[in-house]
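Subject: Structure handover

Hello,

Here is the structure for you to look over. My notes follow below it.

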Amino acid sequence: MYHLELEKVRDEITRRGARRVLLQLPDGMRPFAYQMVKALKESTGAHIMLSGDSCYGACDLASRQALEVDADLLVHYGHAEMVQERDVPVLYVHAEVDVDAVKLVEEATQFLKEWNSVGLVTTIQHVHQVDELRDELRKRGFEVHVGEGGGKTPYPGQILGCYYLTAQKVMDDVEVYLYVGGGQFHPSGLILSTGKPVVIANPYTASVTLKTEDDLMQLAKKRMAEITATRNAKRIGVIVSSKPGQGSLPIAMELEKRFTKKGYEAVIIYLDEVRPEHLNNVVEPEAFVNTACPRIAIDGIMGIDRPMLSVQEAEVVLGDRRWEDMWGQGYLG
Ligand code: SF4
């Protein structure tokens with residue numbers, strides 16, 4: 001399904017005269033890894049290595065690994081440009097997936113027909129078809145709004161799990177969003193960021209479903225409970241990730257200072273990947289504040305045995321924000 005764009009990668013390796021290349025693939029592409037390495041080796045003569053660690057998003061660029069293996073080029077698949085290039089040049093390949101826009105919009109229309117004004121959003125895999133999807137919606141009489149790209153999402157209509165700028169840009173004009181893509185992760189984030197209902201057209205399962213704020217009520221209760229528990233804690237662990245697009249040491253240091261001023265005992269915990277087996281051994285803090293990916297705290301990771309808040313939620317504990325001003329209106333920052 002993916003456009004592997006091996007010619008583009010080959011041309012970039014050749015243009016740069018790269019002799020050693022690190023290839024970073026998201027999980028969904030790893031079944032093709034050996035074929036890709038073989039094809040690139042044969043067409044360029046370069047030494048191609050695979051990055052074997054997790055890759056959660058554009059924030060998770062293997063730039064440090066590329067430096068460690070002395071690569072001349074890092075090829076990062078599946079995400080758009082987000083992190084500033086570091087010591088090793090990076091080639092981003094979006095790994096586009098084509099959808100049948102006519103069929104998809106036709107099926108989504110069954111759900112969308114009670115509204116007039118639709119905001120169109122999608123992931124990097126489908127942004128190349130945004131114009132086509134918009135045209136199909138317009139043909140069926142909908143008023144369609146696609147937010148211009150910007151910040152961490154350079155393409156019109158593109159969203160990330162932690163960043164919904166293109167959706168927020170048009171939120172005053174739309175009654176409902178049409179999300180084209182897989183899973184519930186982005187639709188949940190979209191509701192947390194806008195409060196609007198989302199029709200999910202999933203091209204991978206050929207299904208269309210509706211998700212609304214009501215579906216997130218369990219999550220809302222859980223978030224409030226964790227905020228209350230953190231308010232009553234004495235010791236706080238402030239987590240910072242070393243991942244290039246997640247690291248926020250200055251924010252963590254600021255939070256450490258603010259919690260300390262309010263009488264908490266706060267300590268920064270610096271790590272690469274936020275995992276239960278790392279944190280659960282740090283038994284002294286009664287709660288964590290996570291400055292890395294905000295979705296880890298909100299709905300991401302099972303098995304962490306204490307409450308974990310996002311930066312925004314921590315500011316509720318510190319008395320600098322009101323929870324009700326955030327829910328459904330930029331909860332992810
Ligand atoms: S910070 Fe989290 S949600 Fe944002 S791109 Fe990275 S993994 Fe995805």
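On the other side of helix α9 from its buried residues, P250, K257 and K261 are exposed. Bear in mind that this is a predicted model.

**Helix α9**

The buried residues of α9 are A252, L255 and F259. Seen down the helix axis, they fall within an arc of 60°, so they line one face of α9. An α-helix has 3.6 residues a turn, so residues three or four places apart point the same way.

What do the buried residues of α9 pack against? Their partners are three strands, β10 (235-241), β11 (265-271) and β12 (287-290), and the helix α12 (311-317).

The length of α9 checks out too. It runs over residues 249-261, which is 13 residues. At 1.5 Å a residue the expected span is 18 Å, and the end C-alpha atoms are 18 Å apart, so the two agree. After α9 comes G263, with a positive phi near 100°.

**Two alanines with positive phi**

Most residues other than glycine have a negative phi. A95 has a positive one, about 55°. A206 also has a positive phi, near 50°.

Where do they sit? A95 is in the loop between β4 (90-93) and α4 (101-112). A206 is in the loop between β8 (198-202) and β9 (207-211).

Buried or exposed? A95 has 20 C-beta neighbours inside 10 Å, and the cut-off for buried is 20 or more, so A95 counts as buried. A206 has 11 other C-beta atoms within 10 Å; exposed means 12 or fewer, so A206 is exposed.

**L112**

L112 belongs to helix α4. It counts as buried because it has 23 C-beta neighbours inside 10 Å. Leaving aside neighbours within four places in sequence, L112 is in contact with V118, F142, V176, L178 and V199. Take V199 from that list: L112 and V199 are 87 residues apart in sequence, yet their C-alpha atoms are 7.0 Å apart in space.

**The ligand**

Which residues are around the ligand? They are Y56, G57, A58, C59, L160, G161, C162, G245, Q246, C293 and R295. By class, this shell has six nonpolar residues, four polar and one charged.

Best wishes

How values were computed. Residues are numbered from 1 along each chain as its sequence is written. This is a predicted model: local features need pLDDT of at least 70, side-chain atom pairs count only at pLDDT 80 or more; totals for chains, interfaces and linings use all residues. A residue is near a molecule or strand if its C-beta atom, placed from the backbone, lies within 6 Å of it. Ala, Val, Leu, Ile, Met, Phe, Trp, Tyr, Cys and Pro count as nonpolar, Asp, Glu, Lys and Arg as charged, and the others, Gly among them, as polar. Helices (H or I, at least four residues) and strands (E, at least two) are DSSP runs, numbered from the N terminus. The expected span of a helix is 1.5 Å times one less than its number of residues. The arc is that of the directions from the helix axis to the C-beta atoms. Two residues are in contact if their C-beta atoms, placed from the backbone, lie within 7 Å.
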